[in-house]
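Here are my notes for you to read with the structure open beside them. Take the points in order and find each residue as you go.

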Amino acid sequence: MKSYGGSRKIFDKTKLDLYRLYGGLDKMEIWDILDENGNKTGRTIIRGEKLEADEYHLVVHIWIINSNGEILIQKDQSI
């Protein structure tokens, strides 16, 4: 098995299922794992994998609201 992102294994059945879901490695989202202070740990995780209790990743939410109070909603193409 090949390792990617520290000690996590990527070529097990679960990872291969994720590859198929996202259409290959080039379409997968690979996130940096952060510590409790927001510092990069040097490890990565593939979107969809479970983070450990002391692991975090960066998230940004942007709300676009027009003058009528309507909210623009964009669906993630992977969903």
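1. Let's start with a term you'll need: a salt bridge is a side-chain nitrogen of Lys or Arg within 4 Å of a carboxyl oxygen of Asp or Glu. Asp 32 and Lys 40 fit that description, with their closest N and O atoms 3.5 Å apart. Asp 32 is partly exposed, at 36% relative accessibility, while Lys 40 is exposed, with a relative accessible area of 62%. Keep in mind throughout that this is a predicted model.

2. Now step back to the whole chain. It has one helix and two strands, and from the N terminus on they come in the order α-β-β. Of its 79 residues, 20% are buried. The accessible surface is about 6600 Å², and carbon and sulfur atoms account for 52% of that.

3. What about contacts across the sequence? Take the contacts between residues at least 6 apart in sequence: 31% of them join residues at least 24 apart.

4. How many salt bridges does a search of the whole structure find? It finds three, and you've already met the one between Asp 32 and Lys 40. Another one joins the side chains of Arg 47 and Glu 29, at 2.7 Å from N to O. Arg 47 sits in the segment after strand 2 (40–46) and Glu 29 in the loop between helix 1 (13–22) and strand 1 (30–34), so this pair ties together parts that are 18 residues apart in sequence. Glu 29 has a relative accessible area of 31%, so we call it partly exposed.

5. Then there's Glu 55, which forms a salt bridge with Arg 43; here the closest N and O atoms are 3.1 Å apart. This pair links distant parts of the chain, with Glu 55 in the segment after strand 2 and Arg 43 in strand 2, twelve residues apart. Is Glu 55 buried or exposed? The cut-off for buried is under 20% relative accessible area, and Glu 55 comes in at 8%, so it counts as buried. Its partner Arg 43 is partly exposed, at 31%.

6. While you're looking at Glu 55, find Glu 36 too. Glu 36 belongs to the loop between strand 1 and strand 2, and at 66% relative accessibility it counts as exposed. The C-alpha atoms of Glu 36 and Glu 55 are 7.2 Å apart in space, although the two residues are 19 apart in sequence.

7. Next, have a look at Thr 41, which is in strand 2. Its relative accessibility is 30%, so it counts as partly exposed. Which residues does Thr 41 touch, not counting those up to four places away in sequence? They are Ile 33, Leu 34 and Asp 35. For Tyr 56, 15 residues along the chain from Thr 41, the C-alpha separation is 9.8 Å.

8. Last stop: empty space. Rolling a probe the size of a water molecule over the atoms shows where such space is left. The largest pocket holds about 420 Å³. Its lining includes Val 60, His 61, Ile 62, Trp 63 and Ile 64, along with Ile 71, Leu 72, Ile 73, Gln 74, Lys 75 and Asp 76. Sorted by type, the lining has seven nonpolar residues, two polar ones and two charged ones. Try picking out each group on the structure yourself.

Key
Residues numbered from 1 in each chain as written. Predicted model: local features only at pLDDT ≥ 70, side-chain atom pairs only at ≥ 80, totals over all residues. Heavy atoms only, no water. Helix = DSSP H or I, 4+ residues; strand = E, 2+ residues; numbered from the N terminus. Buried < 20%, exposed > 50% of the residue type's maximum accessible area, 1.4 Å probe, protein only. Contact = heavy atoms within 4.5 Å. Areas by Shrake-Rupley, 256 points an atom, 1.4 Å probe, with all protein chains shown as cover. 1 Å grid on protein atoms, 1.4 Å probe; cavity = no way out; pocket = protein on both sides within 12 Å on 5 of 7 lines; lining within 4 Å. Points joined across faces, edges and corners; volume = space filled by probe spheres on them. Nonpolar A, V, L, I, M, F, W, Y, C, P; charged D, E, K, R; others polar.
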